[in-house]
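Here are some worked exercises to try with the model open in your viewer. Have a go at each task before you read the solution.

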Amino acid sequence: MSETSHEHGAETVTEEMHDGSWSVNLETPEYAGDADRVVEDAVRAVEHTRPGFHVNLVTHGDTGHPETYLYDAIDEAFGDTVSHEFVEQCGCGGYVTRVHRNE
């Protein structure tokens with residue numbers, strides 16, 4: 001598994017601005033099946049990522065593939081200031097989406 005796994009340094013959402021690329025763990029039990037909570041905390045994570053860097057959003061498998069609920073929400077919140085890409089499905093069933101802050 002790549003470094004995007006929750007087992008390799010994914011953090012919880014904080015109010016700290018990140019001066020580099022990072023990963024956020026949105027795959028803990030409280031996120032299971034709660035797409036609204038995932039979206040809310042994913043948006044916060046992107047807000048706390050400085051332009052020129054990315055955040056890996058590691059989401060719970062029970063919430064489903066992020067393209068079904070997360071991508072449109074990110075686009076709506078940030079428009080052209082971000083881009084996102086699906087990275088992989090983790091062996092545990094979760095998903096990794098990388099969101100780049102362009103500006």
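**Exercise 1: Salt bridges**

Arg-44 has a relative accessible area of 26% and is partly exposed. The terms work like this: buried is under 20% relative accessible area, exposed is over 50%, and partly exposed is in between, using a 1.4 Å probe and protein chains only. Before going on, note that this is a predicted model, in which local features need pLDDT of at least 70 and side-chain atom pairs count only at pLDDT 80 or more, while totals for chains, interfaces and linings use all residues. Residues are numbered from 1 along each chain as its sequence is written, and side-chain values use heavy atoms, with hydrogens and water left out.

*Task.* Find the salt-bridge partner of Arg-44, then look for the partner of Asp-19.

*Solution.*
1. Start with the rule: a side-chain nitrogen of Lys or Arg must lie within 4 Å of a carboxyl oxygen of Asp or Glu. This gives two salt bridges.
2. Arg-44 pairs with Asp-41, with 3.1 Å between the closest N and O atoms. Both residues belong to helix H1, three residues apart, about one turn of the helix. Helices (H or I, at least four residues) and strands (E, at least two) are DSSP runs, numbered from the N terminus.
3. Asp-41 is buried, at 6% relative accessibility.
4. Asp-19 meets Arg-50, with an N to O distance of 2.3 Å. This pair links distant parts of the chain, 31 residues apart: Asp-19 is in the segment before S1 and Arg-50 in the loop between H1 and S2.
5. Asp-19 is exposed at 56%, and Arg-50 is partly exposed at 34%.

**Exercise 2: The sheet**

*Task.* Work out the order of the four strands and say which stand at the edges.

*Solution.*
1. The open sheet runs S1-S2-S4-S3, with mixed pairing. Two strands count as paired if DSSP finds at least two bridges between them.
2. S1 and S3 are at the edges with a single partner strand each, so one side of each has no neighbour in the sheet.
3. From one strand to the next, the twist averages 20°.
4. S2 and S4 are antiparallel, paired over six bridges, and Val-55 faces Val-99 in S4.
5. S3 (residues 82-89) and S4 (residues 95-101) are also antiparallel, joined by seven bridges, with Glu-85 opposite Arg-98.
6. Five residues separate S3 and S4 in their hairpin, and Gly-93 in that turn has a positive phi of about 105°.

**Exercise 3: Helix H2 and the core**

*Task.* Decide which residues of H2 are buried, and what they pack against.

*Solution.*
1. In H2 (residues 71-78), the buried residues include Tyr-71, Ala-73, Ile-74 and Phe-78.
2. Looking down the axis, the buried residues fall within an arc of 165°, so they line one face of the helix. The arc is taken from the directions between the helix axis and the C-beta atoms.
3. Asp-72 and Glu-76, on the other side, are exposed.
4. The buried residues pack against H1, S2, S3 and S4, where contact means heavy atoms within 4.5 Å.
5. Ile-74 is also among the residues with the most contacts inside the largest nonpolar core, which has 21 residues. Such a core is a set of buried Ala, Val, Leu, Ile, Met, Phe, Trp, Tyr and Cys residues joined through side-chain atoms within 4.5 Å.
6. H1 gives the largest share of this core, six residues.

Note on methods
Axes are lines fitted to C-alpha atoms, for helices over the stretch in contact, and angles run from 0 to 180 degrees between N-to-C directions.
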